[in-house]
Amino acid sequence: MRAKIIGTGSCLPDKIATNDYLSTIVDTNDEWIQSRTGIQERHLVSSEAENTLSMAVKAAQRALLDADVLPEQLDLILVATVSSDFITPSTACMIQKELNACHATAFDINAACSGFLFALNTVDAYFQTGIYQTALIIGVETLSKIINWSDRSTCVLFGDGAGAVVAKASEEGILASLQGSDGTKGDILICKNRTNNNPYITTETNPDFLFMNGQEVFKFAVTKEPECIQSLLNQAKINASEVDYYLLHQANYRIIASIARKLKLPLEKFPINVDHCGNTSAASIPILLDEVNKAGKLEEGSLLLLSGFGAGLTWGAVLLKW
Ligand code: ACO
């Protein structure tokens, strides 16, 4: 049995930060941001009540409703995130409590922007072994709390949000998948955790923020992601043109356009939300999937290819039948 997605949901904070608003905080402007990234605005949490858990729960409830599945029918909850509210318990366990998903096993996965794909592949592997049959998978980020809001080279890129899917073990669903990582290049996109202050070590406790070598990440993305997509298509023995939609990680419009060019495909096959969401890391692909689904663009049997890259470095791709 393979994982078949039977429902989607998402949640974006109400507060929208436009490029013009960011230009009041750092030395930037709408023209620079749009021409370099395609981003026009992003959603950011704007109160203590909005956080990783609250967005994830709303996205999950919407996906469960869409799938017509009750929380107690779930036997697995996986959350992909690098911005949990707590170090422990995991966000997945906190969601289990909020939903009262009393029969589920729950845990988090940290693979940055590839996290949702890694979680989907994990669910698919469990389904293939027959251990679980019904899963909730959530990608969620409150990146605004790990961004240095005085660093114009990163703060304009990211947004907050959550996307969720419900997957069921089924004869058809995921057709092929692959994933990978290269820890040797981890330092081009990095965010340290808290420093140690035990009885033997005293360290400065300056907060650490996300650091990114943008040009290196760009090079990695435009090389690795098309390679990964092509390998997956070869593995599945499918022509690139047979795929109805390519749902790629939404980091930068230029990266997506470059991949479309490399695959010799029209941009219409590449839905985007980076323009109004920015880069929401692990949440970007499930938010996009929910938008495409709710817009009525998917039919039974539609072929979708989901693909992304992220910190670690990590990458992954999944080909599935809707
Ligand atoms: N506004 C105005 N100017 C800026 C800004 C800004 N927000 N940010 C940087 N600049 C300036 C720089 O200071 C530099 O000025 P200088 O020439 O005077 O030194 C100039 O713009 C060019 O900077 P670059 O970093 O060379 O700009 P580049 O064209 O490479 O674009 C960008 C930067 C958009 C970050 C690009 O490198 C990129 O998209 N990289 C990939 C990023 C990405 O995909 N990240 C994913 C994040 S995590 C993930 O999803 C895995």
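Which residue just after H2 takes a positive phi? I looked there first and found Gly38, with a phi of about 85°; helices in these notes are DSSP runs of H or I with at least four residues, strands are runs of E with at least two, and both are numbered from the N terminus.

**Ground rules.** I am reading a predicted model, in which local features need pLDDT of at least 70 and side-chain atom pairs count only at pLDDT 80 or more, while totals for chains, interfaces and linings use all residues. Residues are numbered from 1 along each chain as its sequence is written, and side-chain values use heavy atoms, with hydrogens and water left out.

**Start of H2.** I then went to the other end of this helix, where a side-chain oxygen of Asn29 reaches to within 3.2 Å of the backbone nitrogen of Glu31.

**Ligand.** I listed the residues around the ligand (those with a heavy atom within 4 Å of it) and found 25, of which Thr28, Gln215, His249, Asn252 and Asn279 come nearest. Looking at N and O atoms, I noted that a nitrogen of the ligand is 2.6 Å from such an atom in the side chain of Thr28. An oxygen atom of the ligand is 2.7 Å from a side-chain N or O atom of His249, and an oxygen atom of the ligand is 2.5 Å from one in the side chain of Asn252. Taken alone, the ligand exposes 1000 Å², of which the protein buries 73%, with areas computed by the Shrake-Rupley method and a 1.4 Å probe.

I next asked which elements supply the shell: H2 (30–37), H6 (152–155), H7 (214–236), H8 (253–262) and strand E12 (303–310) each give at least two residues, and H7 gives the most, with four.

**Sheet.** I traced an open sheet of five strands with mixed pairing, in the order E1-E7-E6-E4-E5, where two strands pair if DSSP finds at least two bridges between them. Its edge strands are E1 (2–11) and E5 (105–109), each of which pairs on one side only. Within the sheet, E4 (residues 76–80) and E6 (residues 134–142) run parallel and are joined by five bridges, and Ile77 stands opposite Leu136 in E6.

**Helices on the sheet.** Helix H3 (residues 52–67) packs on the sheet, touching E1, E6 and E7 (160–170), where contact means heavy atoms within 4.5 Å. The direction of H3 makes about 125° with that of E1, on a scale from 0 to 180 degrees between N-to-C directions. Helix H5 (residues 115–129) lies across E1, E4, E5, E6 and E7, and runs at about 165° to E6.

Key: Polar contact = N/O pair within 3.5 Å; in protein donor to acceptor, adjacent residues only side chain to side chain.
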